[in-house]
Amino acid sequence: MSPHSRYMRFFSGASAPPDWVIDRLLDADGDMHLAWGAIDSSDAEEPAIGAVHAFRDAEDRGCAEFSVGILDDWHGMGLGKILTATLLHEARAEGIARFSMDTLAENRSAIAFARLLGGERSGSDGTVLSYSLGVDEALERLEAAGDPPGIAAVYAAFRG
């Protein structure tokens, strides 16, 4: 990620996220932490190019913190939407009904994405905005948008 993307994603200008953040992102257990990732299979090394995460609230298992990160070269291609649809389907199957999401107030693309998913602003400290969104509504909105075209395959896979 570029320095700007790291700042927007991790709220820090550090050259890399702290070790505890990396450890948390890698510790997906399929219950408290759901995660999906994408790799570039056209590259012989198959590098990771994006990931989405849902961190279940320990006190309210029906709610999870949502995050998405896509490498700069893959921005604007719909990868975040496809990964998000995949995560939303799994979250619903696992009994998660709501997501919370935090973003920097200056991150216009994340705010637009939260709104596309039906997110409603639930708080702000002036720098960070918090959004709440329903999993079912977010799934409906992504499917209705129909963009990118490959998102239909995600819905078909989870239906069939």
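**Salt bridges and a buried arginine**

Reader: Glu143 is partly exposed, with a relative accessible area of 33%. So which residue forms a salt bridge with Glu143?

Author: This is a predicted model, where local features need pLDDT of at least 70, side-chain atom pairs need 80 or more, and totals for chains, interfaces and linings use all residues. Numbering starts from 1 along each chain as its sequence is written, and side-chain values use heavy atoms, without hydrogens or water. The partner is exposed at 58% relative accessible area (over 50% is exposed, under 20% buried, in between partly exposed; 1.4 Å probe, protein chains only). With N and O 2.7 Å apart, a salt bridge (Lys or Arg side-chain nitrogen within 4 Å of an Asp or Glu carboxyl oxygen) joins Glu143 to Arg159.

Reader: Is Arg56 buried or exposed?

Author: The Arg56 side chain reaches the backbone oxygen of Glu94 at 3.1 Å. Arg56 is also linked with Asp31 and Arg61 in a network of salt bridges. Since its relative accessibility is 7%, Arg56 counts as buried.

Reader: How many residues apart in sequence are the parts that Arg61 and Asp31 tie together?

Author: Their side chains meet in a salt bridge at 2.7 Å, N to O. Arg61 sits in the loop between β2 and β3, and Asp31 in the loop between α2 and β1, so the pair ties together parts separated in sequence by 30 residues.

Reader: And how far is Arg24 from the ring centre of Phe55?

Author: Arg24 has a salt bridge with Glu65, at 3.4 Å. At 35% relative accessibility, Arg24 counts as partly exposed. Arg24 also lies over the face of Phe55 (CZ of Arg or NZ of Lys within 6 Å of the ring centre and within 35 degrees of the ring normal), and its distance from that centre is 3.8 Å.

Key: Polar contact = N/O pair within 3.5 Å; in protein donor to acceptor, adjacent residues only side chain to side chain. Helix = DSSP H or I, 4+ residues; strand = E, 2+ residues; numbered from the N terminus.
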